[in-house]
Amino acid sequence: MCTVVVRVEPGSEWPVTVLAMRDESPTRPWDPPAAWWPERDPGLRGVRDREAGGAWLAASDDAGLAVVLNRWEDVPATDGTWTTRGVLPLDALQGALPDQDHAPTTRAFNLVRATATGASVVSWDGAEVRTTELGPGVHMVTHGEPDDPAAPRIGRWLESFRAAAAPSGPPALAPFDELRAADTGADAGDGWSPWFGVLAESAALPADDPDAILRDAVEPEGHFATLSIVAAAVGPGRTVLQHARLHDPGDIAGSVELHHA
């Protein structure tokens, strides 16, 4: 399941910064950030799932950023089918957030929503839709409740991210370059090195360890591995992304393919 770290600092030049790791089946095809949905909005760009056509993460300068994570609850479908969760980030950037009056027709999810005014998590567990506002500070979201210390990755790493100096603006380097700088003790000068230092520290764990952020494991739902990393900053009228595709799923020591958006 995916992992997202969010820093919220209302009133600053860049009120929200986000570090997101995408976990998915290594055999499921996808495309790196680009403007894949011109029929919706030519300014909307994101990581596209080729199979269902939706997005894991989407962003625009005007609307900020949205990223969807799978939750752990099983949600039976009345007719045996579900709407793809990939529509959620796209809809969110166009002003349509799930609510209890319009119950989602998807499997369970957490939808992280970041704008220039702050951040929140919309959660659907199959029974109700809840919105958790993320106050000032650093937060972590995985497959359950935001900041839940009972979730292994959150319990292991949230306080480490909170103890590290949080990035206060856009990343200058792509994620793999940030990791390489953190690993050598260098400072890219963009404020992201401390967070990437925590991520590099976490990579010492086996990829199938419950506490591992960078994953390659067989879960009850199937084989999931960390396929890409996004670092992003959201400010008034501007959203900046840096993206890296891991050629070796779950392994930041392998080569990566970089994209800027």
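**Group meeting talk: salt bridges, sheets and pockets**

Okay, let's start with one residue: R162 is partly exposed, with a relative accessible area of 37%. Before I go on, please keep in mind that this is a predicted model.

So who does R162 meet? The side chains of R162 and D147 come together in a salt bridge, at 3.6 Å from N to O. Now find those two on the structure. D147 is in the loop between β10, residues 137-141, and α2, residues 152-163, while R162 is in helix α2 itself, so the pair ties together parts that are 15 residues apart in sequence. D147 counts as partly exposed too, at 21% relative accessibility. The cut-off helps here: buried means under 20%, so 21% puts D147 in the partly exposed group.

Stay on D147 for a moment, since there's something else about its backbone. What sign does the phi of D147 have, positive or negative? Positive: about 60 degrees, although D147 is not a glycine. For background, most residues other than glycine have a negative phi. And again, D147 is found in the loop between β10 and α2.

Okay, more salt bridges. How many does a search of the whole structure find? The answer is 18. Let me show you two of them besides the one we just saw.

One is R71 with E73, where the closest N and O atoms are 2.8 Å apart. R71 is buried, with a relative accessible area of 5%, and E73 is buried as well, at 15%. So that's a salt bridge with a buried residue at one end and a buried residue at the other.

The other is R130 with E128, whose closest N and O atoms are 3.6 Å apart. Here, R130 is partly exposed at 21%, and E128 is partly exposed at 36% relative accessibility.

And these two pairs aren't separate stories. R71, E73, D125, E128, R130 and E145 are linked in a network of salt bridges. If you're clicking along, colour those six and have a look.

Right, on to the strands. Which strands make up the open sheet, and in what order? There are seven, and they go β3-β4-β5-β6-β7-β8-β9, with antiparallel pairing. At the edges you have β3, residues 30-34, and β9, residues 129-134; each has a single partner strand, so one side of each has no neighbour in the sheet. From one strand to the next, the twist averages 15 degrees.

Let's zoom in on one of those edges. β8, residues 118-124, and β9 run antiparallel and are joined by six bridges. If you want a spot to look at, V121 stands opposite T132 in β9.

Now my next stop, β2. Is β2 enclosed or open? Nine of its nine residues are buried, so β2 is largely enclosed by the rest of the structure. You can check that face by face: V16, V18, A20, R22 and E24 are on one side, T17, L19, M21 and D23 are on the other, and all of them are buried.

What does β2 pair with? Well, β1, residues 3-8, runs antiparallel to β2, and six bridges join them. Within that pairing, V5 has L19 as its bridge partner. β2 also pairs with β12 in the antiparallel sense, over nine bridges, and there D23 stands opposite T226.

Last topic: pockets. The largest pocket has a volume of about 730 Å³. It is lined by 32 residues, and the closest to its centre are E24, R28, N70, R85 and R107. You've met E24 already, on one face of β2. In fact β2 (16-24), β5 (55-60), β6 (64-70) and β12 (222-235) each supply at least two lining residues. As for chemistry, the lining has twelve nonpolar, eight polar and twelve charged residues.

Then there's the second largest pocket, with a volume of about 180 Å³. Its lining is M1, W72, H143, P152, R153, P210, R215, E219, P220 and E221. By class, those divide into five nonpolar, one polar and four charged.

That's my tour. Thanks, everyone!

Definitions and conventions: Residues are numbered from 1 along each chain as its sequence is written. This is a predicted model: local features need pLDDT of at least 70, side-chain atom pairs count only at pLDDT 80 or more; totals for chains, interfaces and linings use all residues. Side-chain values use heavy atoms; hydrogens and water are left out. On a 1 Å grid over the protein atoms alone, a cavity is a set of points where a 1.4 Å probe fits but cannot get out, and a pocket is an open set with protein on both sides within 12 Å along at least five of seven lines; lining residues have an atom within 4 Å of a point. Grid points are joined across faces, edges and corners, and a volume is the space filled by probe spheres set on the points. Helices (H or I, at least four residues) and strands (E, at least two) are DSSP runs, numbered from the N terminus. Ala, Val, Leu, Ile, Met, Phe, Trp, Tyr, Cys and Pro count as nonpolar, Asp, Glu, Lys and Arg as charged, and the others, Gly among them, as polar. A salt bridge is a side-chain nitrogen of Lys or Arg within 4 Å of a carboxyl oxygen of Asp or Glu. Buried means under 20% relative accessible area, exposed over 50%, partly exposed in between (1.4 Å probe, protein chains only). Two strands pair if DSSP finds at least two bridges between them. Axes are lines fitted to C-alpha atoms, for helices over the stretch in contact, and angles run from 0 to 180 degrees between N-to-C directions.
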